[in-house]
Amino acid sequence: MKYSWILTVALALTASVAQAQTTTTSATTAAKTPVSAGQRKAAEELLQATSTEKNLAASIDRMLALQIEQNPGMKAVEPEMRAYINKYMSWASLKDELVQIYAQEFTEKELKELTKFYLTPIGRKTIEKMPQLMVAGMEMGQRRVQEHLPELQQAIAEKMKTQAPSDVK
């Protein structure tokens, strides 16, 4: 369904709402790499300083509201969607993995420096504005894809015409 793809993308972005840099390490790799207790503590402090728990909850609420606005028929399944998201995407379910990812990607010193930055006025403003910027960016992306979807559909149709049936798998 269309809303599933959008919700998945939105929730994937949610994890990086307060992130200073995008990480490329998978959770599996992160879980295998040992980190010091100091790194874990510094990562927890960074996530606390960046209001990750609050921003995650707010982002989930915004994404659900956006989905229902775009497809009012989904209002009937909002409780099920919220239960599912709370089960798999809530702070309680993500915290340990997020701490591990941050602790692996940054040294203890870097984590402390990031925390110090996010506690400054410009750092706080960055945290406050990031969810709005992420939503605005997502909406812009959705709009651009929708505006230019016929071009993609045409390119795919033309490609399919030139391929022999055995080429299509």
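This report describes the helices, the nonpolar core, the surface and the salt bridges of one protein chain.

## Overall architecture

The structure is a predicted model. The chain contains 8 helices and 0 strands, and read from the N terminus its elements follow the order α-α-α-α-α-α-α-α.

Of the 169 residues in the chain, 31% are buried. The accessible surface comes to about 11,000 Å², and carbon and sulfur atoms account for 58% of that area. Among contacts in the chain with a separation of 6 or more, 83% are between residues 24 or more positions apart.

## The nonpolar core

In soluble globular proteins, nonpolar side chains tend to be buried together. In this model, the largest nonpolar core has 22 residues. The residues with the most contacts inside this core are Ala43, Leu46, Leu47, Leu98, Tyr102 and Leu111.

At least two residues of this core come from each of these helices: H3 (37-49), H4 (52-70), H5 (78-89), H6 (91-105) and H7. Helix H6 supplies the largest share, with 6 residues.

## Helix H7: a buried face and an exposed face

Helix H7 covers residues 108-118. Within H7, the residues Leu111, Leu114, Thr115 and Tyr118 are buried. When H7 is viewed down its axis, these buried residues fall within an arc of 100°, and therefore they line one face of the helix. They pack against H3, H6 and helix H8 (121-162). Leu111 is also among the residues with the most contacts inside the largest nonpolar core.

The face of H7 turned away from the buried side carries the exposed residues Lys109 and Lys116. For Lys109, the relative accessible area is 58%; this value places Lys109 in the exposed class because that class begins over 50%.

Glu110 is also found in H7. Its relative accessible area is 36%, so Glu110 is partly exposed. The C-alpha atom of Glu110 is separated by 8.9 Å from that of Ala42, although the two residues are 68 residues apart along the chain.

## Salt bridges within helix H7

The model contains 7 salt bridges. One of them joins the side chains of Lys112 and Glu108, with a distance of 3.2 Å from N to O. Lys112 and Glu108 are 4 residues apart in helix H7, and so about one helical turn separates them. Both residues are partly exposed: the relative accessible area is 45% for Lys112, and the relative accessibility is 30% for Glu108.

A further salt bridge in H7 links Lys109 with Glu113, the closest N and O atoms being 3.8 Å apart. Here too the partners, Lys109 and Glu113, are 4 residues apart in the helix, which means a separation of about one helical turn. Lys109 is exposed, whereas Glu113, at 45% relative accessibility, counts as partly exposed.

## A salt-bridge network involving helix H5

Helix H5 holds another pair of this kind. Arg82 forms a salt bridge with Glu78, and their closest N and O atoms are 3.3 Å apart. Arg82 and Glu78 both lie in H5, 4 residues apart, or about one turn of the helix.

The two partners fall into separate accessibility classes. Arg82 counts as partly exposed at 27% relative accessibility. Glu78 has a relative accessibility of 16% and counts as buried because the limit for that class is under 20%. Arg82 and Glu78 also belong to a network of salt bridges that links them with Asp61 and Lys75.

## A nonpolar patch on the surface

Some nonpolar residues lie on the surface of the model. Leu152, Ile156 and Met160 form a nonpolar patch there, and together they have about 280 Å² of accessible area. Ile156 lies in helix H8, and its relative accessible area of 45% makes this residue partly exposed. Helix H8 is also one of the elements against which the buried residues of H7 pack.

Definitions and conventions. Residues are numbered from 1 along each chain as its sequence is written. This is a predicted model: local features need pLDDT of at least 70, side-chain atom pairs count only at pLDDT 80 or more; totals for chains, interfaces and linings use all residues. Side-chain values use heavy atoms; hydrogens and water are left out. Buried means under 20% relative accessible area, exposed over 50%, partly exposed in between (1.4 Å probe, protein chains only). Contact means heavy atoms within 4.5 Å. Accessible areas come from the Shrake-Rupley method with a 1.4 Å probe; for residues, only the protein chains shown count as cover. A nonpolar core is a set of buried Ala, Val, Leu, Ile, Met, Phe, Trp, Tyr and Cys residues joined through side-chain atoms within 4.5 Å. The arc is that of the directions from the helix axis to the C-beta atoms. Patches are made of residues with over 30% relative accessible area and no salt bridge: like charges are joined within 9 Å, nonpolar side chains (Val, Leu, Ile, Met, Phe, Trp, Tyr) within 5 Å. A salt bridge is a side-chain nitrogen of Lys or Arg within 4 Å of a carboxyl oxygen of Asp or Glu.
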